[in-house]
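Thanks for asking me to look this one over. Please have the model open while you read my comments.

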Amino acid sequence: MAIAQDGMTRSSAAFLPLDADRKRRLIVAIANSVISHVDELTTLDAAIGDGDHGHNMKRGFDAALQDLDALSAMDLPDLLKAIGTKLVMKVGGASGPLYGTLFLALGKALPPEPSRSDAAAAFASAIAAVRARGKSNAGQKTMLDVLIPSCEAFSSGSDLAAVKKTAALSAEATASMRATRGRASFLGERSIGHVDPGAKSSSLMIAALCDLLRDA
Amino acid sequence: MANVGIVIVSHSPKVAEGAADMVRQMVGQEVPLAWTGGDPSGGLGTSLEAITDAIHRAWSEAGVALLVDLGGAETNSEMAIEMLAEEKRGRVVVCNAPIIEGAVIAATEASGGATLATVRRTAEELSP
């Protein structure tokens, strides 16, 4: 199978590595990016929310890891939709439907062997679905403040190290924002100075994905 | 036609059950009523599966009005509605109203045989 190089040079070639072993590594990497930061995410959420983001997300990804064999055997769209459904059913907070929608929409938009431009288009349409689900937009101190700039970097042809950096910097940049959506918005000015936990979990997943694809 | 059903969705099972008690005190058994609270592990939060189940328990051919508390309760409820069978989906709404007052006034309206649209509007008049 042809794997595209970093960059846009072979945008028509399959971009995501897709044999069962790589699908398995993809799921494990994304799940562990959240699970290994459960305490940090919970601490961030305790500062400006209800303090359950880490544990809620862990519950969702633990459910995905329990089904790792079955998930790895699926084609990419079905795999993403199955993970989305698990997040929706298991997470229990607002992040369940939001991340669930992200994965479900990616599964709907991606072909089984996407090119880089397929991946960019699917990322954009999944972000639109999350915006609609959360009735939210950029600048409100949410996961969108990482997803949108990361998608822009990826779509403009940045290499994956640069996309990862964009995600990390964008998560940090939510600290200076005032929350106007979600429970952190109840804090008003007091939400300023804290990184948004959803932005952080998004950046962790993007970092894991970028690392895995760079190593592919 | 049957009366509109009411579903109460809180992060806390105690709040949901207590709100349901207040609704029952007002309308007795005249309105199909269900409540749910708690995340899939039993902590504070909501569960899409439990919300879906509550919608089915309170099902009425006239429709079902949901009263929810915070963020995830609303998002999970909206997603539960979208995942219902097509013939039911259009007859379930989330009311933008305070959960307890909204549930009591919506159920009172429903007990008089009001349509789903009227039940919702009456509950939403509580929100400025």
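Here are my points, starting with conventions and then moving from the interface to single residues.

1. This is a predicted model, where local features need pLDDT of at least 70, side-chain atom pairs count only at pLDDT 80 or more, and totals for chains, interfaces and linings use all residues. Residues are numbered from 1 along each chain as its sequence is written, chains are lettered from A and ligands numbered from 1 in the order in which they are written, and side-chain values use heavy atoms, with hydrogens and water left out.

2. Chain B brings 19 residues to the contact and chain A brings 17 residues, where contact means heavy atoms within 4.5 Å. The buried area between the two chains is about 1400 Å², and carbon and sulfur atoms give 54% of that. Buried area here is the accessible area (1.4 Å probe) that two parts lose on being put together, summed over both.

3. The rule finds 4 salt bridges across the interface of chain B and chain A, each defined as a side-chain nitrogen of Lys or Arg within 4 Å of a carboxyl oxygen of Asp or Glu. You may like to look at the one between A:Lys135 and B:Glu78, with 2.6 Å from N to O.

4. On the chain B side of this interface, helix H2 (48–57) and helix H3 (71–82) each supply at least two residues. H3(B) gives the largest share, 8 residues. Helices are DSSP runs (H or I, at least four residues), numbered from the N terminus.

5. B:Met79 lies in helix H3 of chain B and is buried, at 4% relative accessible area; buried means under 20% (1.4 Å probe, protein chains only). Leaving aside residues up to four places away in sequence, B:Met79 touches A:Val88, A:Pro97, A:Thr101, A:Leu104, A:Arg133 and B:Leu48. The C-alpha atoms of B:Met79 and B:Ile51 are 9.7 Å apart, with these positions 28 residues apart along the chain.

6. How many disulfides does the structure hold over all chains? The count is 0, taking a disulfide as a pair of cysteine sulfur atoms within 2.5 Å. Why is A:Cys210 without one? Its closest cysteine sulfur, in A:Cys151, is 12 Å away, so the two are too far apart for a bond. Both cysteines are buried: A:Cys151 has a relative accessible area of 6%, and A:Cys210 has 4%.

Notes: Buried means under 20% relative accessible area, exposed over 50%, partly exposed in between (1.4 Å probe, protein chains only).
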